[in-house]
There are 2 protein chains.
Amino acid sequence: MKPIQNTNYQVFFDNSLNILTDILAEKKYSKIFILTDEQTGEHCLPVLQEKLPSLTEFDIIEVPNGEENKTIDFCIGIWRMLLDFEADRNALLINLGGGVVTDMGSFAASTFKRGIDFLQIPTTLLSQVDASVGGKTGIDMDNVKNIIGTFSQPQAVIISTDFLTTLSDRQMTSGFAEVIKHGIIADANFYKEVSELADARAVTEQHIHHSVGIKNKVVTEDPFEKGIRKTLNFGHTIGHAIESWSLTNEKNPLLHGEAIALGMICEAYLSTQLIGLAKEDLESITATFVKYFGKYQIKEGIEHQLLEIMKQDKKNIAGKINFSLPNKIGNCMFDIFADEAQIIESLNYYKNFV
Amino acid sequence: MKPIQNTNYQVFFDNSLNILTDILAEKKYSKIFILTDEQTGEHCLPVLQEKLPSLTEFDIIEVPNGEENKTIDFCIGIWRMLLDFEADRNALLINLGGGVVTDMGSFAASTFKRGIDFLQIPTTLLSQVDASVGGKTGIDMDNVKNIIGTFSQPQAVIISTDFLTTLSDRQMTSGFAEVIKHGIIADANFYKEVSELADARAVTEQHIHHSVGIKNKVVTEDPFEKGIRKTLNFGHTIGHAIESWSLTNEKNPLLHGEAIALGMICEAYLSTQLIGLAKEDLESITATFVKYFGKYQIKEGIEHQLLEIMKQDKKNIAGKINFSLPNKIGNCMFDIFADEAQIIESLNYYKNFV
């Protein structure tokens with residue numbers, strides 16, 4: 001499948017991973033480090049080694065699974081490993097994993113010795129369609145997602161759909177939320193197509209390619225999120241808040257895509273109230289996400305905790321909570337502000353009507 | 001005095017600080033934070049408030065004095081304060097202080113919410129001529145200086161020589177080392193002029209302006225230190241090593257400029273051995289730094305500890321210790337490698353001949 005061209009790098013679709021060999025041969029790095037989590041260290045690294053038996057000279061850095069570990073503490077651990085293994089400015093970090101590995105690894109690389117090269121090999125559907133394209137790096141702090149980070153571009157992104165077989169159904173479905181989002185904000189036909197799939201396992205390499213293409217077009221046009229790139233945040237104001245809340249309050253917290261799916265239902269409701277999204281579109285969006293994600297029980301009485309988290313959202317301007325909202329399926333607006341009562345109403349829509 | 005133009009910002013020389021009022025009026029920041037250390041909080045912030053009585057709406061973030069506090073822990077403290085005071089992406093951080101405040105503050109700003117604006121108001125001679133120009137941000141980790149950082153440009157740099165009256169003689173002399181360095185690497189006449197001054201207190205605004213101009217020319221030409229910018233590192237390979245060692249082993253550690261002065265003597269010796277610096281130039285450089293800095297007792301038997309620290313230097317390539325060395329006063333070369341025996345010999349030159 002054709003690579004997708006970003007301003008400074010390419011997104012390759014290559015199940016053979018041979019492109020990695022080509023990049024390493026061309027760049028002649030002084031040292032190669034592979035960042036994994038426990039999951040990808042066990043399930044994806046062996047796949048990579050089997051496909052590329054010539055790749056033998058590297059050191060492994062492993063971090064624990066899970067968004068709750070995307071913290072400065074583990075980032076310090078990565079920096080320290082790079083330091084201990086004498087990584088110089090001509091070293092390479094390969095991030096092999098989901099969003100935690102690609103976000104935190106790229107932040108660590110972009111700040112180690114003021115920036116070393118890094119490659120993204122996203123292994124989850126979520127990171128393939130979302131976290132690995134766009135040059136955003138980040139870690140969480142004090143329950144605020146991606147509050148610390150940089151804008152830094154990888155040398156390349158390599159997508160192999162073979163890695164998706166290592167995922168649980170739940171992880172696969174989580175990533176599907178972002179695929180559907182790309183349809184809602186930018187491509188009504190694509191939305192129709194993916195919303196009719198039986199389940200997330202039916203997502204093809206072609207769907208991923210198309211989804212990455214949509215995101216890539218947006219971020220290439222607006223790399224520093226001054227305008228249209230904000231549309232990618234649809235579902236993320238309320239979604240991030242419920243995700244953060246869940247991370248600190250639930251034993252089995254919501255995955256990113258699960259939280260965003262819920263957020264998109266609530267925010268689609270806000271769209272009907274604020275910018276005239278049609279009732280049929282709200283119903284379609286609601287039905288689609290309920291079909292794949294079921295219904296999550298938002299705990300009673302946490303509305304104000306959620307609002308407090310939303311007030312820390314990076315997108316806010318002068319303290320006003322900021323939303324990116326579709327005015328119809330296939331088109332999205334940004335810098336729309338909702339007040340607290342409206343936001344609570346949208347949470348009630350979810351509770352009462354889903 | 002005329003502002004110095006960098007690619008993206010200007011360095012203003014303005015004892016009145018009125019330029020700050022102009023910038024704030026133009027930019028309309030949502031919130032203003034001023035980062036100080038204990039020293040500048042006590043001695044420089046009142047000066048700023050006296051000069052600009054209209055500046056009343058800001059929050060203060062204070063960190064302790066000293067290079068030993070340029071750490072991720074205090075950086076986390078700055079991030080947390082910004083978070084707690086609800087800094088959004090349109091907030092401004094003003095770094096009022098020496099190199100610790102400007103380096104760490106700019107790193108914190110460049111990574112908070114993926115980058116907020118920051119202004120540098122360097123208050124020491126060292127930070128005026130060195131740390132505040134060039135877009136390097138950074139913190140130390142595990143005794144390695146500036147190992148974590150970014151390349152990020154301030155909105156502006158404002159230099160007021162009035163702040164220099166708040167410095168001790170020792171701090172003033174420390175900054176003078178970088179002024180002299182700028183002469184050695186790029187301007188023989190300027191070197192001659194400043195090396196004849198009675199002491200660091202004799203440095204004028206004109207000297208500072210000229211010194212910043214030299215550095216600015218170099219960093220504008222090579223912002224990411226791929227080539228000529230490396231010449232600014234003269235004295236810094238050995239200097240940083242002795243500085244790091246001193247920081248962890250001595251009660252009253254060397255200041256940056258003191259360590260760099262020593263490093264320049266040793267590295268000038270290496271220059272005579274490796275690239276033919278004339279004996280007279282070595283003697284002049286040695287005499288100049290001894291005149292202003294006296295002689296530091298390098299503890300016996302620490303050579304290998306120093307070499308271990310040098311092996312972590314960011315400038316190294318493939319494990320080889322890298323130097324920027326003048327081949328004559330007024331011109332500097334870079335990417336010169338010395339072996340361990342030669343480096344130890346240069347330390348012995350300092351011990352025996354200074």
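In this predicted model, the UniProt record (an unreviewed entry) places the feature "domain: 3-dehydroquinate synthase N-terminal" at residues 61-173 of chain A. That stretch mixes both kinds of secondary structure, with 34% helix and 24% strand. From one end of the span to the other, the C-alpha atoms are 28 Å apart. The same record, again as an unreviewed entry, gives "domain: 3-dehydroquinate synthase C-terminal" for residues 175-316 of chain A. Here the picture is a different one: residues 175-316 of chain A are 65% helix and 0% strand, and the end C-alpha atoms of this span lie 25 Å apart.

A separate domain assignment also cuts chain A into two pieces. Domain 1 runs over 4-166, while domain 2 is put together from 172-198 and 216-353. The C-alpha centres of these two domains of chain A are 27 Å apart.

So how do the two halves of the chain meet? On one side, 20 residues of domain 1 of chain A take part, and they touch 24 residues of domain 2 of chain A. Together the two domains bury about 1900 Å², and 62% of that area sits on carbon and sulfur atoms. There is a polar side to the boundary as well, with 7 residue pairs in polar contact between domain 1 and domain 2 of chain A. The count of salt bridges between these domains is 2. Side chains of opposite charge can pair when their charged atoms come close. Glu225(A) and Lys136(A) form a salt bridge, with 2.5 Å from N to O. As for who does the touching on the domain 1 side, β1 (4-5), α6 (125-131) and β8 (144-148) of chain A each bring at least two residues to the face that meets domain 2 of chain A.

Next comes the pairing of the chains. Turning chain A by 180°, with 0.0 Å of shift along the axis, lays it on chain B with an RMSD of 0.0 Å. That is the relation of a two-fold axis. Of the interface residues of chain A, 100% are also interface residues in chain B, so the copies meet through the same surface. In numbers, 33 residues of chain A are in contact with 33 residues of chain B. The two chains bury about 3200 Å² between them, with 58% of it on carbon and sulfur atoms.

Charged and polar pairs turn up at this interface too. Between chain A and chain B there are 4 salt bridges and 11 residue pairs in polar contact. One of the salt bridges joins Arg89(B) to Glu225(A), at 3.7 Å from N to O. Several elements of chain A help build its side of the interface: α4 (72-84), α5 (99-111) and β8 each supply at least two residues. The largest share comes from α4(A), which gives 5 residues to the side that touches chain B.

Counting over all chains, the structure holds 44 salt bridges. Among them is the pair Glu67(A) and Lys145(A), whose closest N and O atoms are 3.1 Å apart. This pair ties together distant parts of the chain, 78 residues apart. Glu67(A) sits in the loop between β4 (59-63) and α4 of chain A, whereas Lys145(A) belongs to strand β8 of chain A.

Technical notes: Residues numbered from 1 in each chain as written. Chains lettered and ligands numbered in written order. Predicted model: local features only at pLDDT ≥ 70, side-chain atom pairs only at ≥ 80, totals over all residues. Heavy atoms only, no water. UniProt positions renumbered as here; feature names shortened; annotations may be inferred. Helix = DSSP H or I, 4+ residues; strand = E, 2+ residues; numbered from the N terminus. Least-squares fit on C-alpha atoms with pLDDT ≥ 70 in both. Contact = heavy atoms within 4.5 Å. Domains from an automatic or database assignment. Buried area = accessible area lost by both parts, 1.4 Å probe. Salt bridge = Lys/Arg side-chain N within 4 Å of Asp/Glu carboxyl O. Polar contact = N/O pair within 3.5 Å; in protein donor to acceptor, adjacent residues only side chain to side chain.
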